[in-house]
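User: I would like a close look at a single part of this model, followed by an account of its surroundings. Please keep the description plain.

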Amino acid sequence: MTFKELGLKIEQNQESIRQGQINFLPMEDVFPRIKDYFPGFIKGDFALITASTGVGKSKFAYFLVKKLLALKLRIPNLSLKIFYNSLEEPVEKFMAIFKMMYLKKRYGIDISYYSLMGYSLTNFDPEYIPKIIEAQEFCSTHVEPYLEVVSIAQPTGFYKLIKDHLWETGTFYGVNDLPVKSKSDMWIKYVPNNPSHWVVAVSDHIGNYLPESGMSKFETLGMFSAYYTRQQLGLKCGVVSILVQQQSADKEKLETDLRGKTLLDKMKPSLDGLAENKSTQRDATIVLGLFSPIKWKDHIPNKIYNGYDLNE
């Protein structure tokens, strides 16, 4: 890219704003303290969410999805499709969370997944029935058209699902800028029919992907991150990818020779602590590391962390 081409891109973005197109998904109101580092998503972004076991990686990924769906409600001309590959929780449980959240926010009803689904020896309160139906109608209208939750064990299968959607909502071009005629044809670039259409792909979490045929798990995750996620979906198609990745086990961190670091420093998420395959960090445009000081408050002086009283 030349500086002249860069200038044209800036002009195009300004023109797209004037035309009411959506070329940025703001997150400043969600994360005001880190808005200088992460103001929001641009097309092609690759966000890596990492944390140790039990800190809340999946909950955070769900939180991001919920906020993106809220943007759809707030920005009517935003066209959105989120593919969530739930490799840890059953698809049913993930979808039930949306009903549970609606009931909690709308009516203050705090019902568990097991009670809602009827995995219990007793029926729930009959007064809940019309409210549960209402929650279902809301989710069918405001969630289901924009979110597809799947459980696909191998990363190439998830990639193909997303590519099928791209095929339906845009055009793939090959050599000489001619549209390709078959999904199996070689392609060079992709142009969406609607510039305001956003595709988001979430893998939660990548440590649960099964190896591809003839490849180790390490090779599989490396290929999925660098080739399918960053190159094909991100740079060529503008898909926003969110990958959840485990940190190394706490015991493994403690046994690693990290001289000069305190116990707390060792337990914090780091790029070196990425489990299964550390090369994913090179492909990501942003890495969000989650840390729970509550788990380690007995090792924190006065139980105060960054100004927060952990006893509260």
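Which are the buried residues of H2? Please start there and then go on to the sheet, the salt bridges and the charged residue in helix H10.

Analyst: The model is a predicted one, and all values below are computed from it.

In H2, the buried residues are Lys 57, Phe 60, Ala 61, Tyr 62, Leu 64, Val 65, Leu 68, Leu 69, Leu 71 and Lys 72. The helix runs over residues 57-74, which makes 18 residues. From its first C-alpha to its last, H2 reaches 26 Å, close to the 26 Å expected at 1.5 Å a residue. Another lysine of helix H2 is Lys 66. Lys 66 has a relative accessibility of 29% and so counts as partly exposed, since buried means under 20% and exposed over 50%. Along the chain, Lys 66 and Phe 98 are 32 residues apart, while their C-alpha atoms are separated by 8.7 Å.

Next, the sheet. Six strands form an open sheet in the order S5-S4-S8-S9-S3-S10, and the pairing is parallel. At the edges are strand S5 (147-150) and strand S10 (286-289), each of which pairs on one side only. On average, neighbouring strands of this sheet are turned by 15 degrees against each other, direction ignored. Within the sheet, strand S3 (residues 46-51) and strand S9 (residues 240-246) run parallel and are joined by six bridges. In this pairing, Leu 48 stands opposite Leu 243 of S9. Helix H6 (residues 155-169) packs on the sheet, where it touches strand S4 (79-86), S5 and strand S8 (197-204). The direction of H6 makes about 175 degrees with that of S8.

Turning to charged side chains, the structure holds 10 salt bridges. One of them is formed by Asp 177 and Lys 189, whose closest N and O atoms are 3.4 Å apart. Asp 177 lies in the loop between strand S6 (170-173) and strand S7 (189-192), and Lys 189 lies in strand S7, so this pair ties together parts that are 12 residues apart in sequence. Lys 189 is partly exposed, its relative accessible area being 35%.

A salt bridge also joins Lys 217 and Glu 276, with 3.8 Å between the closest N and O atoms. This pair links distant parts of the chain, 59 residues apart: Lys 217 belongs to helix H7 (residues 217-236), and Glu 276 to the loop between helix H9 (263-267) and H10. Lys 217 is partly exposed at 26% relative accessibility, and Glu 276 is partly exposed with a relative accessible area of 44%.

The side chains of Asp 265 and Lys 268 meet in a further salt bridge, at 3.9 Å from N to O. Asp 265 counts as partly exposed because its relative accessibility is 32%; Lys 268, at 27%, counts as partly exposed too.

The last residue to consider is Asp 283, which is placed in helix H10 (residues 280-283). Asp 283 is buried and yet has no salt bridge. Its nearest side chain of opposite charge is that of Arg 282, 5.7 Å away, whereas a salt bridge requires a side-chain nitrogen of Lys or Arg within 4 Å of a carboxyl oxygen. With neighbours within four places in sequence left aside, the contacts of Asp 283 are Phe 46, Ser 225, Ala 226 and Arg 230. Phe 46 is within the residue range of strand S3 (residues 46-51), and Ser 225, Ala 226 and Arg 230 are within that of helix H7 (residues 217-236).

Conventions. Residues are numbered from 1 along each chain as its sequence is written. This is a predicted model: local features need pLDDT of at least 70, side-chain atom pairs count only at pLDDT 80 or more; totals for chains, interfaces and linings use all residues. Side-chain values use heavy atoms; hydrogens and water are left out. Helices (H or I, at least four residues) and strands (E, at least two) are DSSP runs, numbered from the N terminus. Buried means under 20% relative accessible area, exposed over 50%, partly exposed in between (1.4 Å probe, protein chains only). Lys and Arg count as positive and Asp and Glu as negative; His and the chain ends are not counted. Contact means heavy atoms within 4.5 Å. The expected span of a helix is 1.5 Å times one less than its number of residues. Two strands pair if DSSP finds at least two bridges between them. Axes are lines fitted to C-alpha atoms, for helices over the stretch in contact, and angles run from 0 to 180 degrees between N-to-C directions.
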